Amino acid sequence: MASPIGHSPAGRPSLVGITRRPAAALRLVCVPPAGLGPGFFRAWAEHLPETVDLFAVQLPGRGTLAEQLCLTDPHQAADLLAEVIQEANDRRPFALFGHCVGALLAYATTRALRRRQHRGPLLLALSAWPAPHLDAPIAQLARVMLAGRARLADLYGPIPEELLADPRAMATAYTPFLADTLMALQYRQHDEAPLDLPLSVYGARDDAVFPPESLRTWSDLSAQPVTPRIFPGSHAYPRDQARELADRLAKDLAAASRYVTQP
């Protein structure tokens, strides 16, 4: 049982099964964007093939872990998520997907798994977040945070009026967003060898926060070629392009599986 807020350190992530397909050949672990939880990916269940078992990360401070304190140290969060993924290892290969801040955490977790010499993902799929070895993500995120409500809507969506009228509800709803944003702002890239695994990068044509051209920087951190795939829509495109994104991801998973099984 979680300890009351204020009487415990920050909590620990967990994995939530969405499709519950134990016979599926592959596990797909998805990390949600800032402030959100597994529900962000539930629409994908009907679009992914039966060969894929869908899981999502539940971070502390929201959903079933609402009584735990949010994580704000990105390296601690990556280490903890690496532990959770390793503990949930059921011998099936797995892939990692992350959107927005979730992409940063998915990338950092993949590096943490490698440092620990644990099995890593057969595919790392990253959405709407530039490579973190440059200052662009931090600088742009800081500008968004300082620009007021209208600019924040580009990242988080519009703030409902009923929340604005209720300070306590506003604090409950937006504390995880702020914690995840702080986690991203505190991330610092440490020099390591490029990741030598298939890397898929996705983005949105009209993303006002991280435009498509900023995503090409992932090539600097990968030992394999990276060509971003761009979808219609804004920064929150996975909500409107759920079928199209799930279909593209399924194709990339199949290609990565063939790459891993090559002699």
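This report walks through a predicted model of a protein, starting with the whole fold and then visiting a few single residues.

## The overall picture

Let's begin with the building blocks: the protein contains 8 helices and 7 strands. Its C-alpha trace spans about 60 × 45 × 40 Å along the principal axes. How does the radius of gyration fit what a compact globule would have? For 263 residues, a compact globule would have a value near 18 Å, and the protein has 18 Å, so the two agree.

It also helps to ask which parts of the chain meet. Take the contacts between residues at least 6 apart in sequence: 80% of these join residues that are at least 24 apart.

## Surface and charge

Of the 263 residues, 52% count as buried. The accessible surface of the protein comes to about 12,300 Å², and carbon and sulfur atoms account for 54% of that area.

How many positive and negative side chains are there? The protein has 26 of each kind, and the centres of the two sets lie 4 Å apart.

## Two buried residues between E6 and E7

Now let's zoom in. Asp 207 sits in the loop that runs between strand E6 (199-204) and strand E7 (229-231). Is this residue buried or exposed? Its relative accessibility is 4%, and buried means under 20%, so Asp 207 counts as buried. Its side chain reaches two backbone nitrogens: that of Val 209 at 2.8 Å and that of Phe 210 at 3.0 Å. Not counting residues up to four places away in sequence, Asp 207 touches Ala 128, Gly 233, Ser 234 and His 235.

Ser 222 is found in the loop between E6 and E7 as well. With a relative accessible area of 10%, Ser 222 is buried. What does its side chain reach? The partner is the backbone oxygen of Gln 224, at 2.9 Å. Leaving aside neighbours within four places in sequence, Ser 222 is in contact with Pro 194, Leu 195, Leu 197 and Leu 199.

## A partly exposed residue in a helix

Thr 175 belongs to helix H6, which covers residues 167-185. Why does Thr 175 count as partly exposed? Its relative accessibility is 42%, and partly exposed covers the range between the 20% limit for buried and the 50% limit for exposed.

Among residues beyond four places in sequence, Thr 175 is in contact with Cys 70 and Met 170. You can also look from Thr 175 across to Pro 137: the two are 38 residues apart in sequence and 21 Å apart in space, C-alpha to C-alpha.

## Two residues with positive phi

Most residues other than glycine have a negative phi. With that in mind, look at Arg 20, which is not a glycine and has a positive phi near 55°. Arg 20 is placed in the loop between strand E1 (14-17) and strand E2 (26-31). Its relative accessible area is 66%, so Arg 20 is exposed.

Gln 117 is not a glycine either, and its phi is positive, at about 60°. Where is Gln 117 found? Look in the loop between helix H2 (101-115) and strand E5 (124-127). At 74% relative accessibility, Gln 117 counts as exposed.

Technical notes:
Residues are numbered from 1 along each chain as its sequence is written. This is a predicted model: local features need pLDDT of at least 70, side-chain atom pairs count only at pLDDT 80 or more; totals for chains, interfaces and linings use all residues. Side-chain values use heavy atoms; hydrogens and water are left out. Helices (H or I, at least four residues) and strands (E, at least two) are DSSP runs, numbered from the N terminus. The radius of gyration is taken over C-alpha atoms; the globule rule is 2.2 Å times the number of residues to the power 0.38. Buried means under 20% relative accessible area, exposed over 50%, partly exposed in between (1.4 Å probe, protein chains only). Contact means heavy atoms within 4.5 Å. Accessible areas come from the Shrake-Rupley method with a 1.4 Å probe; for residues, only the protein chains shown count as cover. Lys and Arg count as positive and Asp and Glu as negative; His and the chain ends are not counted. The place of a charge is taken as NZ of Lys, CZ of Arg, CG of Asp or CD of Glu. A polar contact is a pair of N or O atoms within 3.5 Å; within protein, one must be able to donate a hydrogen and the other to accept it, and residues adjacent in sequence count only if both atoms are side-chain atoms.
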